[in-house]
Amino acid sequence: MVSASVLVLFGSLFSSSGDYVDHPKMQPFIDEMVEEHQYDATALKNVLSQAERKESILKAIARPAEKTKAWHEYRDIFIQPKRIKEGKAFLQEYKETFDIVEAKYGVPREIIAAIIGVETFYGRNTGSYRVIDALATLAFDYPKRSLFYRELKNYFLMVRSNNLDPLEIKGSYAGAMGLGQFIPSSYISYAVDFDGDGFKDLWHNRKDAIASVAYYFKRHGWKKGESVADRVTLYNTDADHFANESLKLNGNLQVWKERGVNVPKGQQERDAALFRYENEDGMEYWLAYKNYYVITRYNHSRLYARAVYELSQALTK
Ligand SMILES: [Ca+2]
């Protein structure tokens, strides 16, 4: 006879794998993949039935640093001597790749390096979740699931067309993969096989990762040679009402001047957004231009954009 405690033990063991075998959203997902992409239903079911639901993922996604931290706290995570030092070494080690990529895509090397530095500490922390677990958990069990549902579909398309094992690939809790933390749709659209070995290896191949981040920026409208942002002061504090309104460039420089911003002298007329950042000892204001907006296309956060920009500046000193 099996005791109740043994049943509980086995129950928890079994529930740690195959969490989606009987999930009500799994079959409709499979049906859509078969209908839309002629995916093999048996293969899909086989993979999905080995996906695990991760409570830690649902907890992590509920409190991203971009939503919970003041700027100075966020900055302290990313702008430290070690990340600057290793970033400079990264630029040096891959100088030839950066030379070619910078010329080809028009995106400065320090921006590319800063992205990879902020995302994964130059490849040190690329994520230890199986992407199948991350995306299944978020696509099937997260209330705001629509993005992840799409990304789970893209994941299967990505592994099929690149002949990858869907149960092996690792990434972040949100299913972001490799040195630049590309989600599957980004991989499909922007991954580059820089070294020409036939595999867009964003997990281990730094050359492929550098070129892919640059291509992502080019495709999102990076303006070669244009400045990114200027620190400013306000002559009229009413301008503060318009700060952090959205990530969009919600006024040209003339408008910002009229709203109360001391616009830097000699700047050509163009669109900008005003951002307010909280330091330990008060507020700081920045006028941000098109290229700053492009950084937010990588991660929709003014804190993120600032961290990338500051790290990029530190890497050039
Ligand atoms: Ca490659």
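Q: Which residues of α8 meet which residues of α13?

A: In this predicted model, Thr97, Phe98, Val101 and Tyr105 are the residues of α8 that take part, and they meet Lys207, Ile210, Ala211, Ala214, Tyr215, Phe217 and Lys218 of α13. By class, the residues of this contact of α8 with α13 comprise eight nonpolar, one polar and two charged. A general point helps in reading such a list: an α-helix has 3.6 residues a turn, so residues three or four places apart point the same way.

Q: At roughly what angle do the axes of α8 and α13 cross?

A: Helix α8 covers residues 95-105 and helix α13 covers residues 206-219; their axes come within 10 Å and cross at roughly 20°. Because of that angle, α8 is roughly parallel to α13. The crossing of the two helices, α8 and α13, is right-handed.

Q: How many helices and strands does the chain have?

A: The chain contains 16 helices and six strands. Its C-alpha trace spans about 80 × 45 × 40 Å along the principal axes. Of its 317 residues, 40% count as buried. Contacts may also be sorted by the distance between their partners along the sequence. Among contacts in the chain with a separation of 6 or more, 69% are between residues 24 or more positions apart.

Q: Which residues have the most contacts inside the largest nonpolar core?

A: Leu135, Ala288 and Val308 have the most contacts inside that core, which has 89 residues. Two of these can be followed further. Valine 308 is in contact with Ala114, Ile115, Val118 and Ile295, once its neighbours within four places in sequence are left aside. Leu135 is one of the buried residues of α10.

Q: Why is α10 described as largely enclosed by the rest of the structure?

A: The reading rests on a count of buried residues along the helix. Helix α10 (residues 131-141) is largely enclosed because 10 of its 11 residues are buried. The buried residues are Val131, Ile132, Asp133, Ala134, Leu135, Ala136, Thr137, Leu138, Ala139 and Phe140.

Q: What covers the buried residues of α10?

A: The covering elements include the helices α2 (26-37), α3 (41-48), α4 (55-62) and α11 (146-162), together with the strands β1 (129-130) and β2 (170-171). One of these, α11, can be examined as a helix pair. The axes of α10 and α11 come within 8 Å and cross at roughly 145°, and α10 passes α11 in a left-handed crossing. On the α10 side the contact is made by Val131, Leu135, Ala136, Leu138 and Ala139, and on the α11 side by Phe148, Tyr149, Glu151, Leu152 and Tyr155. This contact of α10 with α11 has nine nonpolar residues, no polar residues and one charged residue.

Q: Is arginine 83 buried or exposed?

A: The decision comes from counting the C-beta atoms around the residue, with 20 or more within 10 Å meaning buried. Arginine 83 has 20 other C-beta atoms within 10 Å and is therefore buried. Arginine 83 belongs to helix α7 (residues 81-93). Apart from its neighbours within four places in sequence, arginine 83 is in contact with Phe78, Gly117, Phe121 and Leu311. The C-alpha atoms of arginine 83 and leucine 311 are separated by 8.3 Å, although the two residues are 228 residues apart along the chain.

Q: How are α7 and α9 placed relative to each other?

A: The axes of α7 and α9 (residues 109-120) come within 10 Å and cross at roughly 125°, and the two helices are therefore oblique to each other. The crossing in which α7 passes α9 is right-handed. Arg83, Gly87, Phe90 and Leu91 of α7 make the contact with Arg109, Ala113, Ala114 and Gly117 of α9. The residues of this contact of α7 with α9 divide into four nonpolar, two polar and two charged.

Q: Which residue in the loop between α9 and β1 has a positive phi although it is not a glycine?

A: It is phenylalanine 121, with phi near 55°, in the loop between α9 and β1. With 17 other C-beta atoms within 10 Å, phenylalanine 121 is partly exposed. Glutamine 38 also has a positive phi, of about 50°, without being a glycine. Glutamine 38 lies in the loop between α2 and α3, and glutamine 38 counts as exposed because it has 7 C-beta neighbours inside 10 Å.

Definitions and conventions
Residues numbered from 1 in each chain as written. Predicted model: local features only at pLDDT ≥ 70, side-chain atom pairs only at ≥ 80, totals over all residues. Helix = DSSP H or I, 4+ residues; strand = E, 2+ residues; numbered from the N terminus. Buried ≥ 20, exposed ≤ 12 C-beta atoms within 10 Å, placed from the backbone. Contact = placed C-beta atoms within 7 Å. Core = buried A, V, L, I, M, F, W, Y, C linked by C-beta atoms within 7 Å. Axes fitted to C-alpha atoms, helices over the stretch in contact; angles between N-to-C directions. Parallel < 35°, antiparallel > 145°, perpendicular 65-115°, else oblique. Left-handed = near helix turned anticlockwise from the far one by under 90°. Nonpolar A, V, L, I, M, F, W, Y, C, P; charged D, E, K, R; others polar.
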